[in-house]
Each structure stands twice: as C-alpha cells, then as structure tokens.
Amino acid sequence: MDLHAIRQDYSKQELSEAQCLADPIEQFELWLNEAMAAQVNEPTAMNVATVGADNRPTNRVVLLKEVNPQGFVFFTNYASRKGQALAQHPFAALTFFWPELERQVRIEGQVFRLPEHESDAYFASRPYTNRVGAWASEQSQPIANKAVLVARAAMFGARHPLKVPRPPHWGGYVVRPDRVEFWQGRPSRLHDRVCYVLADGAWQKMRLAP
C-alpha cells in the first residue's frame with residue numbers, strides 16, 4: 001500500500017474571518033448544527049488530549065454532552081487515565097473532525113469539574129445499563145478477562161435493581177476555552193484557518209497560514 005499516494009482535494013466551502021461570529025462558542029454551535037443537519041457520522045465525537053504526571057501526552061475519543069457559554073462538557077470516570085491526568089494538569093485539547101463537511105475544530109483550555117448536582121442530573125438521564133456499567137468498570141485498570149467485567153456488572157445490577165446512584169468516582173468536566181480554531185479544507189492544501197484567542201477577557205480573531 002502506497003500511503004504517499006493517498007490524498008483528497010477539498011473544495012466544498014470557504015471560510016473567512018468575516019463569516020465567523022464574534023464568539024467562538026456560538027460559531028462552534030453553528031457548525032455543530034450544520035454537521036448534525038448533514039448527518040455527519042458521530043458529530044459530537046471529539047478527541048480529548050491530556051498530559052499525565054509523566055509529562056507525556058495521550059488522547060482518546062469521547063462524546064461531547066453539552067456546549068454552553070462556559071465551554072465544552074464531557075463525562076468520565078475520575079479515576080481513569082484521563083481523570084488522573086486532569087488532576088495533575090487541568091488542561092486539555094479537543095479536536096472535532098467532520099470529513100463529510102471537510103471541517104475540523106480545535107479547542108484548547110483549562111478543565112474544571114462540574115458541580116456534583118450537574119453530574120447527578122446527567123447521570124440520572126443515562127440508560128439503566130450505562131449507569132450500572134459506570135459502577136462495574138474500573139476504567140483504565142487491568143482486568144484478567146471480559147468475564148470479570150460481566151460479573152461485576154451483574155453484581156452491581158443486583159445491588160441496584162431499580163435506582164442507580166452516581167458513583168463518587170464518576171462525573172463531568174467542562175473545558176473552558178482560551179483558543180479555538182476553525183479549519184475548512186480547500187484545494188491545493190491552501191486551507192482556510194480562522195483562530196480565536198482569548199486575551200484580557202475578549203476574543204481576538206485572526207487568519208492562520210495552512
């Protein structure tokens with residue numbers, strides 16, 4: 001397989017500073033709505049990059065569960081690898097890629113835990129099996145085999161046959177952005193990149209070279 005020969009020219013849309021709204025979160029919501037309208041596969045899937053105590057970066061794909069004026073919200077196990085990394089270095093970088101629209105969004109910012117009542121409310125909205133799974137999985141820890149996980153799920157299901165409380169080790173984070181970039185693919189690799197940077201409480205917008 002010749003990976004050097006794999007390339008695609010992008011030409012569907014353009015992006016300029018003038019087109020972008022003054023607030024990058026509002027611009028993101030506009031693009032997210034367009035991605036959902038276009039039936040992009042997994043439009044809320046985002047790559048979350050963190051840095052651990054060893055100063056090595058690591059990333060994984062999780063689902064965005066809310067976007068609001070404060071930032072971008074996701075939920076996870078606090079004891080997971082990403083949870084431990086965020087406890088050491090409370091900053092993250094997010095990347096959304098919507099190939100059907102030839103678009104990418106990159107977000108950087110500080111990360112904060114959500115208040116417990118907000119995590120409680122979201123946890124209560126999850127399907128029953130997902131709530132049991134949050135108790136059963138010691139996320140990122142080695143296990144002997146799949147049977148161990150299935151047995152733990154059965155145990156916690158029996159323990160909580162109706163109402164499943166939120167585990168104390170599980171909850172939400174909000175990424176409060178200080179840098180957001182919108183990328184629109186263009187022909188000849190002359191892509192459009194519009195970047196917002198937060199300075200002294202105000203967003204500054206600029207074009208970047210591709």
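Helices (H or I, at least four residues) and strands (E, at least two) are DSSP runs, numbered from the N terminus. This is a predicted model in which local features need pLDDT of at least 70 and side-chain atom pairs count only at pLDDT 80 or more, while totals for chains, interfaces and linings use all residues. Residues are numbered from 1 along each chain as its sequence is written, and side-chain values use heavy atoms, with hydrogens and water left out.

**View 1. The whole protein chain, with five helices and nine strands.** Read along the sequence, these elements follow the pattern α-β-β-β-β-α-β-β-α-α-α-β-β-β. Taken along the principal axes, the C-alpha atoms of the protein chain fill a box of roughly 55 × 50 × 40 Å.

**View 2. The largest pocket, with about 340 Å³ of space.** A pocket is here an open set of points on a 1 Å grid over the protein atoms alone, where a 1.4 Å probe fits, with protein on both sides within 12 Å along at least five of seven lines, and lining residues have an atom within 4 Å of a point. The volume is the space filled by probe spheres set on the points, which are joined across faces, edges and corners. Of the 15 lining residues, Phe75, Thr76, Arg126, Gln139 and Trp170 are the closest to the centre of the pocket. Strand S2 (57-63), strand S4 (71-77) and helix H4 (128-136) each supply at least two residues of this lining. By class, the lining has six nonpolar, six polar and three charged residues, where Ala, Val, Leu, Ile, Met, Phe, Trp, Tyr, Cys and Pro count as nonpolar, Asp, Glu, Lys and Arg as charged, and the others, Gly among them, as polar.

**View 3. Residues annotated as "binding site" in an unreviewed UniProt entry.** The annotation covers Lys65, Tyr122, Arg126, Arg189, Leu190 and His191, and such annotations may be inferred rather than shown by experiment. These residues are spread over 127 residues of sequence and also in space, up to 42.9 Å between C-alpha atoms. Of them, Lys65, Tyr122 and Arg126 are included in the lining of the largest pocket. Tyrosine 122 lies in helix H3 (residues 116-125) and, leaving aside its neighbours within four places in sequence, is in contact (heavy atoms within 4.5 Å) with Lys65, Phe75 and Trp170. Arginine 126 lies in the loop between H3 and H4.

**View 4. Helix H5 (residues 146-159) and the loop before it.** The 14 residues of helix H5 should span 20 Å at 1.5 Å a residue (1.5 Å times one less than the number of residues), and the end C-alpha atoms are 20 Å apart, which agrees. At the start of H5, a side-chain oxygen of asparagine 145 reaches to within 3.1 Å of the backbone nitrogen of alanine 147. Serine 140, in the loop between H4 and H5, has a phi near 75°, a positive value in a residue other than glycine.

Notes. A polar contact is a pair of N or O atoms within 3.5 Å; within protein, one must be able to donate a hydrogen and the other to accept it, and residues adjacent in sequence count only if both atoms are side-chain atoms.
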